[in-house]
Structure formats: structure tokens, C-alpha cells
Amino acid sequence: MILDEQGLFSNNQKITGTAVSQNILELGKREIAFGTPVELFIQVTEDFNNLTSLSIKVQTSLNDDFDAAVDLIEETILAAKLKKGAVSSIKFLPKGNLGFMRLVYTVTGTAPSTGAILAGIVDGIQESFHNQ
């Protein structure tokens, strides 16, 4: 798997409450979901505590202030699965790109004091058919 700093939404970002990704990616105003899928890798890099669940949402917008954000896809992960090494089931950037994308992390339950996420566009997710 190849990660590039310019393609990262979150670089071991601590999630201690509802937050947006550290980085917003400017992808141009073209549909990126046609042809070869653009792989998205989201992994827990530090165990979460306290919370009930964490929702991860991919949002897009016409501008980088996200004043008219559009939700593209969302996954909710229960606390028991938010352990280091856990990988999101969101594997590709969804269709609907408006030019800018970010991730939104929504905490349900008590705010965690530990927990971090690595997320970004990658070239070749390292898994085999046995891991799916």
C-alpha cells in the first residue's frame, strides 16, 4: 500500500470528540468515481475508549469551507471494534465529488480520551481475499 501525504485526510488524528479530518482534499470538479475506483483507506491507529460508537462520513462540497456540504457515505463502528488495526468498510471514494472532500468523525456516547485515525487515498490496499 502506498500512502502520500498530499492524499491524507487524517494522519494519526486524535479523535476526542466530533471532528472533521485534519485535511481537506481538493480533487477538482470532475467525477472521480468512474473508471478505476479511487481507493480509500481508513484505519484505527490507537484504541478508542469511553465512546459507544464512531461514525465516519465522507463529505464533498463546491468550496473548502463546506458551507453546503453533501454527505456521500457513512459508516458507524461500535466501540468494541475500535481497536488498533481495525479498518473501515468504506474502501473507495464514492461518486458525487463536487471538488473538495473531507471526513467527518461523529462520536456517540462519552467523549474518548484515546483513539486515533489514519485515513487517505491509497494505491493498493494490502489485503487478500482471505481478509474480506
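**Exercise 1. Find what share of the 132 residues of the protein chain counts as buried.**

Solution. Buried means under 20% relative accessible area, determined with a 1.4 Å probe and with protein chains only. By this criterion, 39% of the 132 residues of the protein chain count as buried. The structure is a predicted model, in which local features need pLDDT of at least 70 and side-chain atom pairs count only at pLDDT 80 or more, while totals for chains, interfaces and linings use all residues. Residues are numbered from 1 along each chain as its sequence is written, and side-chain values use heavy atoms, with hydrogens and water left out.

**Exercise 2. Describe which helices and strands the protein chain has, and compare its radius of gyration with the globule rule.**

Solution. Begin with the elements, which are DSSP runs numbered from the N terminus (helices: H or I, at least four residues; strands: E, at least two). The protein chain has eight strands and zero helices. Next, the radius of gyration, taken over C-alpha atoms, is 14 Å, close to the 14 Å from the globule rule (2.2 Å times the number of residues to the power 0.38) for 132 residues, so the protein chain is as compact as a globular protein of that length.

**Exercise 3. Locate Ser21 and decide whether Ser21 is buried or exposed.**

Solution. First, Ser21 sits in the loop between strand 2 (19-20) and strand 3 (25-26). Second, Ser21 counts as buried because its relative accessibility is 5%. Finally, leaving aside residues up to four places away in sequence, Ser21 touches Phe9, Ser10, Gln13, Arg102, Leu103 and Tyr105, where a contact means heavy atoms within 4.5 Å.

Note on methods: Buried < 20%, exposed > 50% of the residue type's maximum accessible area, 1.4 Å probe, protein only.
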